[in-house]
Amino acid sequence: MKTPDHKKQTILAALNEGEFISGQELGEQLGISRAAIAKHIAALQEMGVDIFRVNGRGYKLNYSLPLIHQSKLNTLWQQQFQSECPIEYHAIIDSTNSELMRRLQDKQNMGSGHVLVAEMQQAGRGRRGRVWQSPFGANLYYSYYWQFDAGMQAAMGLSIAVGLAVYDALKVLYGISVELKWPNDIYLNQQKLAGILVELEGQVEGPCHLVIGIGLNICMPESASKHIDQAWTDLQTHLGQIDKNQLVVQLTHSLSERLAQYKESGLSEMVTEWNSLNAFKGDAVTLSTGQREWRGICEGIDMQGGLLLRQDGELKAFYGGEISLRKVIS
């Protein structure tokens, strides 16, 4: 049975070819009426997809979207790793992290390394309860499930390893070097490119389950960016058209490698590398919980992934949780 989301995805794939296509042609492809096509087009426009119509010619996208295709994911994964693809694709979802967390709570079996990606999130989440802007087709909304037997306490510095995995993937694919902002952001040219949200369920010192969410800006439309309260950028601005399928496959591979490294030796082999990529290295910064604030010079991270802040010549370590880090603007 073809779902409404499948029909929207088929319409977008046809429009993404870059030429005008009539409602009649789209209707014949999907076996539905032109009126039904018009309703799907209107729904896509409400989601923020910039589609226009010219009488006598049909519909056209104002720009091409880097869409994900399950078949392409499967083919790319099989070509590179000769194994079954662990990546599951959805056109529209409330939140990729929320969906994997629900599956954990429902005791559904998932193997470590299972990935969920979506074209749009209707309730995307960032840290500290923030909304993660998730317009249709524009960016990457990605979650990775991992079982970690050492427990939640030992997973304290995991966002450090995830940030390095994003760095690895972008370096391999595009030759660009991003910077990392503690505890969970990726910067490019001093602007936010991506964010990480790690959620845990399980025991403090026993087996635990982690859902690692990554939101990465690819071609963020201005209409969505007005809700973002900090300087941001996207990959397309710097690189042109992106193959999102290739990016998903490489990111999954890079993340699997960094998590294996973390499982084997924690952050011991990653601290120096992360510190070399520190976006706020040597800068005056403020740390805030919303109720309390600290100021100092950012000196990087320690072996547990805590932020090192120099205050009056003394080095102090601060650890994750609901902490916000900002550069002091002089």
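Helices and strands are here DSSP runs, numbered from the N terminus. The model is a predicted one, and the tour below proceeds by selection.

**First stop: K107 and helix α5**

Select K107, which lies in the loop between α5 and β4. This residue is not a glycine, yet its phi is positive, about 65°. K107 is exposed, with a relative accessible area of 69%, a value that lies over the 50% cut-off for that class.

Step back to helix α5 itself, residues 96–105, which K107 follows. Eight of the ten residues of α5 are buried, so this helix is largely enclosed by the rest of the structure. To display the buried set, select T96, N97, S98, E99, L100, M101, R103 and L104. Then add the strands to the view: the cover over these buried residues includes β3 (87–93), β4 (115–121), β5 (140–148), β8 (191–202) and β9 (208–216). At the N-terminal end of the helix, select S95, which acts as the cap. One of its side-chain oxygens lies 3.3 Å from the backbone nitrogen of N97.

**Second stop: α6 against α9**

Select helix α6 (residues 158–174) together with helix α9 (residues 244–265). The two pack at an angle of about 140°, and their axes are 8 Å apart. That angle makes α6 oblique to α9, since only angles over 145 degrees count as roughly antiparallel. The crossing of α6 with α9 is right-handed.

Now show the side chains at the contact. On α6, select L158, A161, V162, L164, A165, V166, D168, A169, L170, V172, L173 and Y174. Their partners on α9 are Q246, L247, Q250, L251, S254, L255, R258, L259 and Y262. Coloured by class, the residues of this contact comprise 16 nonpolar, three polar and two charged.

**Third stop: α4 against α9**

Keep α9 in view and add helix α4 (residues 70–81). The axes of α4 and α9 come within 9 Å and cross at roughly 45°. These two helices are therefore oblique to each other, and their crossing is right-handed. The α4 side of the contact consists of K72, L73, L76, W77, Q80 and F81, while α9 contributes N245, Q246, V248, V249, T252 and H253. By class, the contact of α4 with α9 has six nonpolar, five polar and one charged residues.

In viewing such helices, note that an α-helix has 3.6 residues a turn, so residues three or four places apart point the same way.

**Fourth stop: H238 and its surroundings**

Move to H238, in helix α8 (residues 235–239). H238 is partly exposed, with a relative accessible area of 33%. Beyond its neighbours within four places in sequence, H238 is in contact with L188, N189 and T233. Select T233 as well: its side chain makes a polar contact with the side chain of H238, at 2.8 Å. For a long-range reference, draw the C-alpha to C-alpha line from H238 to Y63, which spans 16 Å across a sequence separation of 175 residues.

From H238, pass to its contact partner N189, found in the loop between β7 and β8. N189 is a residue other than glycine with a positive phi, near 55°. N189 is exposed, with a relative accessible area of 54%.

**Last stop: the cis peptide bond**

Finally, select P183, in the loop between β6 (179–181) and β7 (185–188). A cis peptide bond joins W182 and P183, with omega about 0°.

Methods
Residues are numbered from 1 along each chain as its sequence is written. This is a predicted model: local features need pLDDT of at least 70, side-chain atom pairs count only at pLDDT 80 or more; totals for chains, interfaces and linings use all residues. Side-chain values use heavy atoms; hydrogens and water are left out. Buried means under 20% relative accessible area, exposed over 50%, partly exposed in between (1.4 Å probe, protein chains only). Helices (H or I, at least four residues) and strands (E, at least two) are DSSP runs, numbered from the N terminus. Contact means heavy atoms within 4.5 Å. A polar contact is a pair of N or O atoms within 3.5 Å; within protein, one must be able to donate a hydrogen and the other to accept it, and residues adjacent in sequence count only if both atoms are side-chain atoms. Axes are lines fitted to C-alpha atoms, for helices over the stretch in contact, and angles run from 0 to 180 degrees between N-to-C directions. Angles under 35 degrees count as roughly parallel, over 145 as roughly antiparallel, 65 to 115 as roughly perpendicular and the rest as oblique. A crossing is left-handed if the near helix is turned anticlockwise from the far one by less than a right angle, and right-handed if clockwise. Ala, Val, Leu, Ile, Met, Phe, Trp, Tyr, Cys and Pro count as nonpolar, Asp, Glu, Lys and Arg as charged, and the others, Gly among them, as polar.
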